[in-house]
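Good morning, colleagues. Please take a moment with the sequence and the structure before I begin.

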Amino acid sequence: SKARRKLEQKPLFIERTKGSEILFGVAPCSLALSQSRRDLFRLFLKQGSGSRRLLMSEFVLQAMAQGVPVHHVKGRELNVLCSGQVHQGVCLEATPLRFKSLEEAEQPDLGDDESPNRQLIWLVIERLQDPMNLGAVLRSAYFLGVDRVVTSQRNSCPLTPTVSKASSGAVEVFDVYSTDDLQSFLKAKSSEGWEVVGTVKSPEEVENVPVISCSEFRWNQPILVVIGNEGDGLSQETQLLCHRMLAIPPGRVLHPGIDSLNVSVATGILLHSICSQKLRRGD
């Protein structure tokens, strides 16, 4: 009957656990299950996944090992759970990830590979608001070997499921710290002997701080690389705390309106240029 068909087409309502969120996508869900940094409530897998049956079986084993209930649901149920995002047949109900405090970042439990004699690079993010950009930045930072990431609390994107998906799950294994007073943090690290290196779209935008190409930058002390938000870049207050500013030189004369890079792309280029020096030195 029409009524029955209409009822079958209506997505099943799944009541969420209070305070939970829905992770989606293969990498974020798999890493969240394996790392146990969140409280995990339920795993939702798409029914009849066909060619992905082996992958779904692995998810079931992961969930069983963690004592997480598994529910096989229709694709439209998954669509509702993650508000139409690309879930790849997997959703996970879990508690949100929180930023860590700077006090935790300063703890001296760095291990052998982060000894005081080693070159350290921390990425500092000021007011980045787009979750896709934040996720892509964190993915690059993790991949390229950044030691710590610190973000400003105010006017910044939280660690949402979209950030986890855009980072390909990097936030599930890579701690992100935050501070409510970014300028004081930069001043404190500078007094400890760290170099504060800002980023800028073009040299003309900066006064009173030297600007060089990222390809010319050399470093031999701990550094903080500071990136700004999508529209305005770094605030004036933060710029004035930088010892140097880095710019990415374009490869051609640019047409007006296409004269800059996406912040996550620019960050990836800058971090590769800087981190590759650390690799060449054999640290």
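Leaving aside its neighbours within four places in sequence, with which residues is Ile269 in contact? I should say at the outset that this is a predicted model. The contacts of Ile269, once those sequence neighbours are set aside, are Ile248 and Leu261.

Let me place this residue. Ile269 belongs to helix H10. Its relative accessible area is 35%, so Ile269 is classed as partly exposed, between the cut-offs of 20% and 50%. From Ile269 to Cys214 the C-alpha to C-alpha distance is 8.7 Å, although the two are 55 residues apart in sequence.

Cys214 brings me to a second residue of the helix. Ser273 also lies in helix H10, which covers residues 263-280. Is Ser273 buried or exposed? With a relative accessible area of 16%, Ser273 is buried, because the value falls under 20%. Apart from neighbours within four places in sequence, Ser273 is in contact with Cys214 and Ser215.

I turn now to the largest pocket. The space in this pocket comes to about 810 Å³. Its lining is made up of 37 residues, and those nearest the centre are Val200, Lys201, Ser202, Ser260 and Leu261. Two or more lining residues come from each of strand S10 (211-213), strand S12 (244-247) and H10. Which element gives the most to this lining? That element is H10, with 4 residues. By residue class, the lining of the largest pocket has 18 nonpolar, 12 polar and 7 charged residues.

To close, I return to Leu261: this residue is in contact with Ile269, and Leu261 is also among the residues nearest the centre of the largest pocket. Thank you.

Note on methods:
Residues are numbered from 1 along each chain as its sequence is written. This is a predicted model: local features need pLDDT of at least 70, side-chain atom pairs count only at pLDDT 80 or more; totals for chains, interfaces and linings use all residues. Side-chain values use heavy atoms; hydrogens and water are left out. Buried means under 20% relative accessible area, exposed over 50%, partly exposed in between (1.4 Å probe, protein chains only). Contact means heavy atoms within 4.5 Å. On a 1 Å grid over the protein atoms alone, a cavity is a set of points where a 1.4 Å probe fits but cannot get out, and a pocket is an open set with protein on both sides within 12 Å along at least five of seven lines; lining residues have an atom within 4 Å of a point. Grid points are joined across faces, edges and corners, and a volume is the space filled by probe spheres set on the points. Ala, Val, Leu, Ile, Met, Phe, Trp, Tyr, Cys and Pro count as nonpolar, Asp, Glu, Lys and Arg as charged, and the others, Gly among them, as polar.
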